Structure formats: structure tokens, C-alpha cells
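Visitor: I'd like a close look at one small part of this protein. Could you walk me through it slowly?

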Amino acid sequence: MQITEGATLTNSVQAVAEGQLDMTPAPMILPFLLARGIGPYAGIGEERGAELAGNMRALFFSSSSAFVFTHYNNSDITDIRNIEGKRIWNGPARGAALTSGRALIKALSGLQDGTGYEGVQTNWPDMVSTITGGGVDGWVSPEGLPSGRQITIAATGGITIHDMPSDILNSELGQQVVNAPGHARYTVPVDEYRAAYEGNDITIVTDDDTFDTFAVAFAQSVHASMDDDLAYAITKAYLDAEERFATGAPIGQYLFLSFGDIDGVREGACGPVQMKMHPGAIRAYEDAGHNIADCLRP
């Protein structure tokens, strides 16, 4: 198994669907877009996209990093609702993160990339250098807790991380963003969020006692042709590591991790996004005493 740092998952998902790659974490928005031949998969077309999406199977589900708006403390951004004319890093050029980043900015400010503000996109490995080099006024990105990227950026000057203000979060548009295909609600007690960055020049801004935004829902995805015993072994290893996931990092207890029964709706796989589980993975869950919803069975 090879871990590829900085890979664009848009390409990895297509590679798994085509049988050129064995496994990838798949933001759930990508199978949704692929099945319709839209967004970064517009060149594939609806018919071929639906065929490819039908080749994908999930081993297990999770939500990982949460989207936040950040800027340097000496930036002239004083209100995240007012970023008209600003340069904002909002993702890699073709990634699912770009779709989600634009959605967050739209919810916060009502502005569209290219008209209300200037979106800046780079590959993941160039994100930090673009920001620390002064190329943008702010950035929207999916981050863990704590985030190594944010800590690295803060080493060059203090930064402020914002959640979604309560009125925006609870608005019609805010709820559309939080509940969009591929997204999951993310809430952490703000004191614990701040504690994760203690000792770094990072300010956390929220209007209540929780840090609220949305996380990206993921499926660990493989091609339908993966050997049943291999899919079983990988999934079993994941299920056996529940305590390590929960206690190994500050973010662990706030991640949605599919260690119990799987109903398909909570995981975002039995609604607008349709993804079946691999039979080997289902067997591993059932052997561990967990139930799998019928909508996830091939």
C-alpha cells in the first residue's frame, strides 16, 4: 500500500472506478458528481460516469477534516461576511474541496468565486507557501484538530480561525451547505477546540460555546472486483482499531467513524449519493455483531 501525500482525490476516485487503483478515501460528493458526469467529471459524460460510479464499493465510512475560514491577524479582513474583492485560497483546481470551499464562502458572504471575490487555487503541496508568501487575503480549507497546516502557517504570524456563525448556520442556505451531498455536521466544544491549538498563535472565533461547521463525509472505497477476503481483512483491521482511532489524536472523539451499525443515511450513502458496500466489508461488520442496512447491499 502506498500513501500519496497531496493527491487530488478527484483523480483517485476515477482511478478506482476504472480499476487502475485498488483503494482510495472518497469524499462522498465525488461519486455523486461522477454518477452524473458533472463538475470535474463533465468530460466523462453521464452514461460513462454512471457506469464508473457503479464500479465503486465502500469498506467503511468516516467524516474527517472540517471546513474553516482563516486569515492572518494583520489582514484587512475584519468581517468574514464582507470579503468582496479579496483573494481567497479555496482549494485545489479540480478537487472536491474546491466545491465545498466555494459553498462555505457563499454561505458566509453570499459571494461567488470570480465575481464577488477572487478564488485562488493551487495543488495541496503549494497551499502553505501560497498563503505564507502573501498571495491571498484569507483561506478556506478542510482541517483536522489540530491542523498541522494551520500551525505551520501561524509560525509566520498569528492567524484567526472562524466557525460558521449561528445565524448563518441555521439559515436556509447554511443548512443546505451543511446537509449537501458529501457533507456532515461538525460540532466541537469551543474550549476543547482552543485547547488543541494551545501554545500556538491561533485565535478561535465563534459566537457561542461550540465550534460549528461541516465536515466532509468519506467512504474508504475500492473497486467492486476486489477479492472478498482482502476486503474482509482490511475492514476487520479497521474495526479492531476503534480504540486507537478514538484516543490517538484530539480530533478522534469528534470524528464520525463507522464502528457500529451502518444505516446508510447517516453515512450519506443511501440518499442523493448512492454507494454500496463491498460484500467482504459487510461480512466483517456482521462478524463483529453489527447490522448493515439493505440499501448498502450490492
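Visitor: Is the disulfide of C270 and C295 right-handed or left-handed, and why?

Guide: Happy to zoom in, and keep in mind that this is a predicted model. The torsion about the S-S bond of C270 and C295 comes out at about 90°, so this disulfide is right-handed. The two sulfur atoms sit 2.1 Å from each other. If you go hunting through the whole structure, one disulfide is what you'll find.

Now look at what the bond ties together. C270 and C295 are 25 residues apart, and their link connects distant parts of the chain. You'll spot C270 in the loop between strand 10 (256-257) and strand 11 (276-277), while C295 belongs to the segment after helix 12 (279-287).

How do the two ends sit? C270 has a relative accessibility of 18%, and buried means under 20%, so C270 counts as buried. C295 has a relative accessible area of 28%, so this cysteine is partly exposed.

Let's step back to the cores for a moment. The largest nonpolar core has 48 residues, and those with the most contacts inside it include F69, W139 and I161. Helix 4 (residues 96-109) gives the largest share of this core, with six residues. Apart from that core lies another one, of 41 residues, and here we meet our cysteine again: C270 is among its members, along with A58, M226 and Y285. So C270 is a buried residue, a member of the core of 41 residues and one end of the disulfide to C295.

How values were computed:
Residues are numbered from 1 along each chain as its sequence is written. This is a predicted model: local features need pLDDT of at least 70, side-chain atom pairs count only at pLDDT 80 or more; totals for chains, interfaces and linings use all residues. Side-chain values use heavy atoms; hydrogens and water are left out. A nonpolar core is a set of buried Ala, Val, Leu, Ile, Met, Phe, Trp, Tyr and Cys residues joined through side-chain atoms within 4.5 Å. Buried means under 20% relative accessible area, exposed over 50%, partly exposed in between (1.4 Å probe, protein chains only). Helices (H or I, at least four residues) and strands (E, at least two) are DSSP runs, numbered from the N terminus. A disulfide is a pair of cysteine sulfur atoms within 2.5 Å.
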